[in-house]
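Morning, everyone. I have one structure to go through today, and I will keep to what can be read off the coordinates. Please have the sequence and the model in view.

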Protein chains: 2
Amino acid sequence: MSGAPADPEPFPPFGVHASERLYDSHWCGLRRDQVILPNGQLQEYHVFEIPDAVAIVPVRSDGRVVLVGQYRYPSGETHWEVPAGRIDEGEAAADAAGRELLEESGYRAKELRPLPGFQPTGGISPHFVHAFCGLDCEWDRDPQPDPSEQIIVQDFSKQEIVALLEAGSIRDGFTAVTLLYALQLGLLG
Amino acid sequence: MSGAPADPEPFPPFGVHASERLYDSHWCGLRRDQVILPNGQLQEYHVFEIPDAVAIVPVRSDGRVVLVGQYRYPSGETHWEVPAGRIDEGEAAADAAGRELLEESGYRAKELRPLPGFQPTGGISPHFVHAFCGLDCEWDRDPQPDPSEQIIVQDFSKQEIVALLEAGSIRDGFTAVTLLYALQLGLLG
C-alpha cells in the first residue's frame, strides 16, 4: 500500500550451531537451538511450534458483530472472542476461516476480506495468524464446536464493540487485533 | 468503564485428571494435562508456560512514535515493533515497562498510561501482556539490548503509523494491538 514507511533493513540471521527436539506431538512442538550471536557467543534459544491459525471478525448485513463467549482452559477464564482456530494440514487459510466461522458461530460469510496478519508471540514462535473480516454473515445452523470447546454466541453493535475494547474486556489477543483492525479500516459500519 | 456489555457467564472449569511436566527451564515450561470435559471424556490439553510480559507504545512530546526494528530468530524476520519484554520475577509491570522501554529504545516516559492488556495465545497459554502507552517520552541514552537482540530505533508520525498498520507491515501482534489501542484511545495526537 502506498505511503507506508519501508520495513527496517533485515538483520543477518543468527547461525545455528545445534538444534535439539525437546517435544513433538500433533498439537505442538518445542525445540532448543544453540544459536550463534553476532558477537560470536553461543546462546540457547527455545522455539515453540504450533500450526498457523485463522481469526475472523463476523459482521452481519445489519452491521452487528458476532462474538463467541469461550472458556479457555489455560487461564480458566471465559471471555468474548472472535471465531478462531488452527489451520489443518494442507488447508488454505480462507477455507480454514470459513470452517472455523461456521463451527464456532454457526454463521457463513458472503465475503472473507483479508485483514493484516500477525505473529502473536514472535519472540518465541514463528506461529502466524491469518486474519479476516467476514462480510454479510448469515446464520446457517447451530455451532458445532469441538468437545473441548464451550461456547455461546451473541451479537453486538459497533458501539458495544468499542465499549468492550475500551473497557479492557477483550482479553484475547487475536480478538483485540482483528476487532481494532476492522474498526480502523471502517468495516464495522 | 460504563456502557460496556457484560462478560459472558463463566463456564465451569474443566476438572484435571492428571498433569505431567514435559519441560522446565528458566525461559519456558510445557505441561500435558488430562482434563475432564463437560461430557465426562478425558482429553489431552497442552499448556505452554512463559512469564507475563509488557509492551509499550512510546510517544514523544512532539507526537512522534518510537519503534524498534528488531530481528526475531523464530521467523528470521526483521520488522518494526514496540519495545516489549518479559517481566522479571517479583517485578511490577510498570517497572518492567520502564526498564524495557529504556533498554530497547533509549527513551524514558514521563507517564506510563495503562492500555488494555491481553493474552496473545489464550488457547494454549495463560501468558498475559500488560500494555502501556509511554507519554512525553524523552531520549536518555543509547539502547542497551540483550546480546541476542539486534535493534535499530526510528520515530514515526501518526500518519506513518496508520500507513504501516493498514499496509500489513506490523507483523508483531504485541505491536499491532498496542498501536491500534493507542490510536483508538486518541493517544497518538
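I start with how the copies meet. Of the interface residues of chain A, 100% are also interface residues in chain B, so the copies meet through the same surface. One caveat before going on: this is a predicted model.

Now the symmetry. What rotation superposes chain A on chain B? The rotation is 180°, with 0.0 Å of shift along its axis, and the RMSD is 0.0 Å. That is the relation of a two-fold axis. As a reminder, two copies of a chain are related by a rotation about an axis and a shift along it.

Next, the overall layout of chain A. Chain A has 3 helices and 11 strands. Along the sequence of chain A the order is β-β-β-β-β-β-β-α-β-β-β-β-α-α. Taken along the principal axes, the C-alpha atoms of chain A fill a box of roughly 60 × 45 × 35 Å. Chain A counts 189 residues, and 43% of them are buried. On contact order: take the contacts in chain A between residues at least 6 apart in sequence, and 60% of these join residues at least 24 apart.

Chain A is divided into two parts, domain 1 at 15-49 and domain 2 at 53-184. How many Å separate the centres of domain 1 and domain 2 of chain A? Over C-alpha atoms, the separation is 31 Å.

Let me turn to the sheet at the start of chain A. This is an open sheet of 3 strands, ordered β1-β2-β3, with antiparallel pairing. Which strands of chain A stand at the edges? They are β1 (15-24) and β3 (42-49); each has a single partner strand, so one side of each is left without a neighbour in the sheet. On average, neighbouring strands of this sheet are turned by 20° against each other, direction ignored. Between β1(A) and β2 of chain A, residues 29-36, there are 8 bridges, and the two strands run antiparallel. For a register mark, A:R21 has A:R31 in β2(A) as its bridge partner.

Chain B has an open antiparallel sheet of 3 strands too, in the order β1-β2-β3. Its edge strands are β1 (15-24) and β3 (42-49) of chain B, and each pairs on one side only. In chain B, β1(B) pairs with β2, residues 29-36, in the antiparallel sense over 8 bridges. Here the register mark is B:D24, which stands opposite B:G29 in β2(B).

Staying in that sheet, consider B:E49, which sits in strand β3 of chain B. Is B:E49 buried or exposed? Neither fully: B:E49 is partly exposed, because 16 other C-beta atoms lie within 10 Å. Beyond its neighbours within four places in sequence, B:E49 is in contact with B:C28, B:G29, B:L30 and B:S125. B:E49 and B:P126 are 77 residues apart in sequence, and their C-alpha atoms are 7.2 Å apart.

A second glutamate, this time in chain A. A:E81 belongs to strand β6, residues 77-81, of chain A. A:E81 is buried, with 26 other C-beta atoms within 10 Å. Residues up to four places away aside, A:E81 touches A:L67, A:V68, A:Q70, A:D172 and A:T175. From A:E81 to A:S105 the distance is 11 Å, C-alpha to C-alpha, across 24 residues of sequence.

In chain B, strand β6 (residues 77-81) is mostly covered, with 4 of its 5 residues buried. β6(B) pairs with β5 of chain B, residues 65-72, in the antiparallel sense over 5 bridges. B:R72 stands opposite B:E77 in β6(B). The hairpin of these two strands has 4 residues between them, and B:G76 there takes a positive phi near 75°.

Last, the nonpolar cores. The largest has 82 residues, of which A:V54, A:L179, B:V54 and B:L179 touch the most other members. Apart from it lies another core, of 16 residues, including A:V47, A:I124, B:C28 and B:F48. Back in the largest core, which residues does A:V54 touch, not counting those up to four places away in sequence? Among them are A:A84, A:I87, A:A93, A:E100, A:V129, A:H130 and A:F132.

That is what I have for today.

Definitions and conventions:
Residues numbered from 1 in each chain as written. Chains lettered and ligands numbered in written order. Predicted model: local features only at pLDDT ≥ 70, side-chain atom pairs only at ≥ 80, totals over all residues. Pairing = 2+ DSSP bridges. Axes fitted to C-alpha atoms, helices over the stretch in contact; angles between N-to-C directions. Buried ≥ 20, exposed ≤ 12 C-beta atoms within 10 Å, placed from the backbone. Contact = placed C-beta atoms within 7 Å. Core = buried A, V, L, I, M, F, W, Y, C linked by C-beta atoms within 7 Å. Domains from an automatic or database assignment. Least-squares fit on C-alpha atoms with pLDDT ≥ 70 in both.
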